[in-house]
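Let's take a walk through this protein together. Have the sequence and the 3D view open side by side, and follow along as we go.

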Amino acid sequence: MTAIKHALQRDIFTPNDERLLSIVNVCKAGKKKRNCFLCATVTTERPVQVNVVKVKKSDKGDFYKRQTAWALRDLAIVDAKDAVKESPEFDLHFDKVYKWVASSTVEKNTFISCIWKLNQRYLRKKIDFINVSSQLLEESVPSGENQSVAGGDEEAVDEYQELNAREEQDIEIMMEGCEYAISNAEAFAEKLSRELQVLDGANIQSIMASEKQVNILMKLLDEALKEVDQIELKLSSYEEMLQSVKEQMDQISESNHLIHLSNTNNVKLLSEIEFLVNHMDLAKGHIKALQEGDLTSSRGIEACTNAADALLQCMNVALRPGHDMLHAVKQQQQRFSDLREQFARRLASHLNSVFVQQGHDQSSTLAQHSVELTLPNHHPFHRDLLRYAKLMEWLKNTDYGKYEGLTKNYMDYLSRLYEREIKDFFEVAKIKMTGTTREGKKFATLPRKESAVKQETESLHGSSGKLTGSTSSLNKLTVQSSGNRRSQSSSLLDMGNMSASDLDVADRTKFDKIFEQVLSELEPLCLAEQDFISKFFKLQQHQSISGTTTNEAEEMDGGTLSRSYTSGVPQTISSEKDMIRQMMTKIFRCIEPELNNLIALGDKIDSFNSLYMLVKMSHHVWTAQNVDPASFLSTTLGNVLVTVKRNFDKCISNQMKQMDEVKISKKSKVGILPFVAEFEEFAALAESIFKNAERRGDLDKAYIKLIRAVFVSVEKVANESQKTPRDVVMMENFHHIFATLSRLKISCLEAEKKEAKQKYTEHLQSYVIYSLGQPLEKLNHFFEGVEARVAQGIREEEVSYQLAFNKQELRKVIKEYPGKEVKKGLDNLYKKVDKHLCEEENLLQVVWHSMQDEFIRQYKHFEGLIARCYPGSGITMEFTIQDILDYCSSIAQSH
């Protein structure tokens, strides 16, 4: 190890002006690698730098190289792992922990001891040596030896220390002066001893020479001590004097503290008094206004409002801790409570009187509205009451019991007032709807009871059946026999004209206007009252909330639809919004039953009125929902809309039921079926009513149901018809349906229109073929035999050689059908067709033209067979195509 140490000093540290003090052979813990050396070094120049250097043997040779160096001042912890047991492992904590395993425990202990010495001598810093034996550290410090003496004891660190350059130079100079030192060491030692004695003597003489100066110095020190004693005596006397002054100053300080505390308490007391006076003192004018203020004039109401607000502020002031224990504060609070109770009682009594008085004034104006279809205007009443809105808010915040009582009284009285007004209003509407009495006089203008209106309505419409829109009488009519066909047709036409006359149109228009006026009068009345309630009673109205829409209501049944209109608001609504709805429901509780009664009357007068009502009601529901989907008006109109929709569905169902119940006469031809004509009337009326309507979807669904029922019923009647051929019934009625749909251009029935046209075309062709049949019967049989021979394989030009189909037989058959016979047969055919077809649809010429085309087609077919099977024979028919055209034209003109 010593040889390695010398080699490292020579090769690595001497060129860097460093001295190697300790070395340990180590390897990294947990890894099998080549060993390396940790070296503790110091620099030869000052200030001394102490380092721990890692040296490793080079891979390319036997020389060593410096790998890593750490400054000792960066070392934080030296961990020897175990202070009792001998272990070669130890850790050095620099910027990170380095774990080493020494080649022997002795080398590890020597290296750790060297590091401890270097730290004590050069650094004096706090390096923690843990798990290190205390004996090892104590042995490193010899007793009585000063480790910090200049001149160094590097030799104590190690038994060998190399001389530096200066030491070598001094020794050389000394040896040059004593050349014999090498040959005669004893003489050299004696010379050095003599010189040392000379130096010691000189030192002693120097010391003896300075004794006088030492005596002088000691004398000066004695004098200085005497002066210090005198100063201490003076300081003691000064301290006694200051002690009395201190006591006086303490007394003054305590007195000042008490004065400051007193002032502070006075300021706080003044602040508390000012707070109570400023916040709990009500002006005399306000007290007088609360006790005697005029609640009938605008100025008095304003004064009472200001006084009430001031009283509320005084009562709601946030008292500081302890204020409520003061007797004056309790008295003032009791006074405020008495004032509040007195004014609240006076205000509630006055407002109740205002409700009664305003109601009486309002009732006096009912007579002038009873003759007109208008509702009284409550705006003046609302305007006068809104002056008390701020006082109502004050009452709500201070005495909720009286506020609730006023609310109940308002609802009770206003509900009776509105009930009288609305019932009278609906009585007038019913009178205007029903028209005149039996005696031909106009109804009395004064309001009447609903029972009287019902009796008049039943006398007008109950005994004789519905005059308009009712089609049961038409459906029960049967087709008469051909003998009285014209009279029955005229009777049917008269009935049809009655249901579609200008009088009926005027009645329906009148009903539509009356119903619209009823809704138009109710809507602003409800909205104005709801707005007044929210402002007067200080309740929050609904904002724009998306509820159940009208289109969604189309898919619901009655119960579901009704629930949707009443539950279209989120469940987490405030109690104030609920209160508005409850108040409106109680005040206008008669609107919904009155509307339902009016709707029932309109439906009884004319079932088609449900179309008008559905459109008008849907529009008003849509308008109300846009304003507030959860309002009373929206909810009520939505519920009534359910009834209207049911009546509409009932109207459609009745028409379909009447189609199923229709019966036809076995002795008369059918013609255009009643329900086909009724569908045309219904569709024309519905298109005029539902133009740009919100509930168009309901009508489209009704169209689909009705048209499918019409198709089914037409086929049913056609199958049951005995007098009129099935094809004629189908052809005429589907032609009528196609014409109706083409004229009205109903987009949702385009498929049905195409189907009607297809059925009409098919049955027209079927009827033509069936009715025309084989007008040249023998000729048809002859050529059928010719075609049969050709089908059996005989060539067409050889058919004339067949005995039964030779030229003579052909001429014989042709002679049986001269032009006169043909014309006679066509004339009979025309008469037959004329008996089958009805006059209303006017299809005779269309059918006749189709038969003419079919007859010409058969004629051309016969000519073609003659030309192919009897070529060059010169055989032709005894009439031409032109003759056929002339015959058909002549027959049509003659009839």
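Start with a cross-strand pair: Asp 91 sits opposite Lys 99 in β7. Keep in mind that you're looking at a predicted model. The strands around that pair are β6 and β7 (residues 97-102), which run antiparallel and are joined by five bridges. Between them are three residues, and the two strands make a hairpin. On β6 there's another partner to find: strand β5 (residues 77-79) pairs with β6, again in the antiparallel sense, over three bridges. Here Val 78 is the residue that stands opposite Leu 92 of β6. How many of the five residues in β6 are buried? Four of them are, so strand β6 (residues 89-93) counts as mostly covered.

Now move to the start of the chain. Helix α1 covers residues 2-13, and its buried residues are Lys 5, Ala 7, Leu 8, Gln 9, Ile 12 and Phe 13. What do they pack against? Four strands: β1 (18-28), β2 (36-43), β3 (50-57) and β4 (64-71).

Two of those strands are also tied by a salt bridge. Glu 18 and Arg 66 pair up, with their closest N and O atoms 2.9 Å apart. Glu 18 belongs to strand β1 and Arg 66 to strand β4, so the pair links parts of the chain 48 residues apart. Is Glu 18 buried or exposed? With a relative accessible area of just 5%, Glu 18 is buried, because the cut-off for that label is under 20%. Arg 66 has 32%, which makes this residue partly exposed.

Time to zoom out. The protein chain has 895 residues, and 42% of them are buried. Its secondary structure comes to 33 helices and eight strands. Of the contacts between residues at least 6 apart in sequence, 71% join residues at least 24 apart.

Next, the inside. In soluble globular proteins, nonpolar side chains tend to be buried together. In this model the largest nonpolar core has 175 residues, and Tyr 410, Val 518, Phe 690, Leu 779 and Val 847 have the most contacts inside it. Helix α14 (residues 400-434) supplies the largest share of this core, with 14 residues. Apart from it lies another core, of 31 residues, including Leu 38, Val 42, Phe 90 and Ala 102. If you click on Tyr 410, look beyond its sequence neighbours: among its contacts are Phe 355, Phe 381, Leu 385, Glu 529, Phe 532 and Met 583.

Helix α14 also takes part in salt bridges. Asp 412 forms one with Lys 586, the closest N and O atoms being 2.8 Å apart. This pair connects helix α14 with helix α21 (residues 575-587) across 174 residues of sequence. Asp 412 counts as buried at 18% relative accessibility, while Lys 586 counts as partly exposed at 27%. Lys 430 and Glu 594 meet in another salt bridge (3.9 Å, N to O). Lys 430 lies in helix α14 and Glu 594 in helix α22 (residues 591-605), 164 residues apart. Both partners are buried. Elsewhere, Glu 341, Arg 345, Asp 399 and Lys 402 are linked in a network of salt bridges. The structure holds 28 salt bridges.

Finish on the outside. The protein chain exposes about 50200 Å², and carbon and sulfur atoms supply 52% of that area. Val 214, Leu 217, Met 218 and Leu 221 form a nonpolar surface patch, with about 360 Å² of accessible area together. To find the patch, go to helix α7 (residues 211-279), where Leu 217 lies.

Conventions:
Residues numbered from 1 in each chain as written. Predicted model: local features only at pLDDT ≥ 70, side-chain atom pairs only at ≥ 80, totals over all residues. Heavy atoms only, no water. Core = buried A, V, L, I, M, F, W, Y, C linked by side-chain atoms within 4.5 Å. Buried < 20%, exposed > 50% of the residue type's maximum accessible area, 1.4 Å probe, protein only. Contact = heavy atoms within 4.5 Å. Pairing = 2+ DSSP bridges. Patch = residues over 30% accessible without salt bridge, like charges linked within 9 Å, V, L, I, M, F, W, Y side chains within 5 Å. Areas by Shrake-Rupley, 256 points an atom, 1.4 Å probe, with all protein chains shown as cover. Salt bridge = Lys/Arg side-chain N within 4 Å of Asp/Glu carboxyl O. Lists of a residue's contacts leave out its neighbours within four places in sequence.
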